[in-house]
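Please open the structure in the viewer and keep the selection tool at hand. The tour proceeds from one selection to the next.

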There are 2 protein chains.
Amino acid sequence: MPKPPYYAVVFTALRRERPGDGYAATAARMDELARAQPGFLGVESARGADGLGITVSYWESADAVSAWAANAEHLLAQRMGRDEWYQWYALRVCRVERATEFARPESA
Amino acid sequence: MPKPPYYAVVFTALRRERPGDGYAATAARMDELARAQPGFLGVESARGADGLGITVSYWESADAVSAWAANAEHLLAQRMGRDEWYQWYALRVCRVERATEFARPESA
């Protein structure tokens, strides 16, 4: 894990589920594109049975977050998100102040 | 949505899946207890098919986060998490600097 401070973008969303809406291909492309951005540190994603999805991406700086938000291909995907894919979403840009990690010892 | 700044605690975890480990009852109790804490703003949770769970709780201040972290019953649950329930986890305390929300218009 990187040492704080760094940035986290918490994206919480409810999808509309419509066959053939092109979501999956764009989501995969955005993942690929984000990983190639300057300042990208990592991403974690989970989607529950109730349809709520949470994706948290991590970035070296607020500038790295802003540059990714303004990426041309990403802007098109954001527009598609509002026009087609999401019923609701919240996006929060956060400064990570403290971080701790636990990993179970191999033997336990 | 509350107006920034406020705090987010991003808890990302991989569970060990062991029948009868008491996890579900404690998770429900911690949810109930967190909601009753001073400064609690909300919580969002998702768990994917790959076992990765993400829970983000929101708090009015860093002090509210610290008080919840130090709650006696919560400390016991944290201990159980390390001793029994989790293979791995990461906990990040974050200051929310910007937040935007989208909700689809009723007619769309």
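Begin by selecting strand S1 (residues 6-15) and strand S3 of chain B, which pair in the antiparallel sense over 8 bridges. Please keep in mind throughout that this is a predicted model. To see one pair within S3(B), select B:Ala13 and its bridge partner, B:Gly53.

Next, add strand S2 (residues 40-47) of chain B. S2(B) also pairs with S3(B) in the antiparallel sense, here over 7 bridges. At one position of this pairing, B:Phe40 stands opposite B:Trp59 of S3(B). What do S2(B) and S3(B) form, and how many residues lie between them? They form a hairpin, with 4 residues between the two strands. Select B:Gly51 in the turn, and note its positive phi of about 90°.

Now colour the whole of S3(B), residues 52-59. Of its 8 residues, 7 are buried, so this strand is largely enclosed by the rest of the structure. While a strand is on display, a general rule may help in viewing it: in a regular strand the side chains alternate between the two faces of the sheet.

For a contrast, turn to chain A and select helix H3, residues 72-85. Is H3(A) well covered or hardly covered? It is hardly covered, for the count of buried residues among its 14 residues is 1. From its first C-alpha to its last, H3(A) reaches 18 Å, close to the 20 Å expected at 1.5 Å a residue.

The next stop is the contact between the chains. Select the 32 residues that chain A contributes and the 32 residues that chain B contributes. On the side of chain A, the elements that give two or more residues are S1 (6-15), S2 (40-47), S3 (52-59) and S4 (86-103). S4(A) gives the most, with 18 residues. By class, this side of chain A has 18 nonpolar, 5 polar and 9 charged residues.

Then show S4(A) together with strand S4 (residues 86-103) of chain B. The two strands run antiparallel and are joined by 15 bridges. One place to look is A:Val93, which stands opposite B:Arg98 in S4(B).

Finally, display both chains in full. A turn of 180°, with a shift of 0.0 Å along the axis, lays chain A on chain B with an RMSD of 0.0 Å. The two copies are thus related as by a two-fold rotation axis. Moreover, 100% of the interface residues of chain A are also interface residues in chain B, so the copies meet through the same surface.

Definitions and conventions: Residues are numbered from 1 along each chain as its sequence is written. Chains are lettered from A and ligands numbered from 1 in the order in which they are written. This is a predicted model: local features need pLDDT of at least 70, side-chain atom pairs count only at pLDDT 80 or more; totals for chains, interfaces and linings use all residues. Two residues are in contact if their C-beta atoms, placed from the backbone, lie within 7 Å. Ala, Val, Leu, Ile, Met, Phe, Trp, Tyr, Cys and Pro count as nonpolar, Asp, Glu, Lys and Arg as charged, and the others, Gly among them, as polar. Two strands pair if DSSP finds at least two bridges between them. Copies are superposed by least squares on the C-alpha atoms of residues with pLDDT of at least 70 in both. The expected span of a helix is 1.5 Å times one less than its number of residues. A residue is buried if 20 or more other C-beta atoms lie within 10 Å of its own, exposed if 12 or fewer, and partly exposed in between; C-beta atoms are placed from the backbone.
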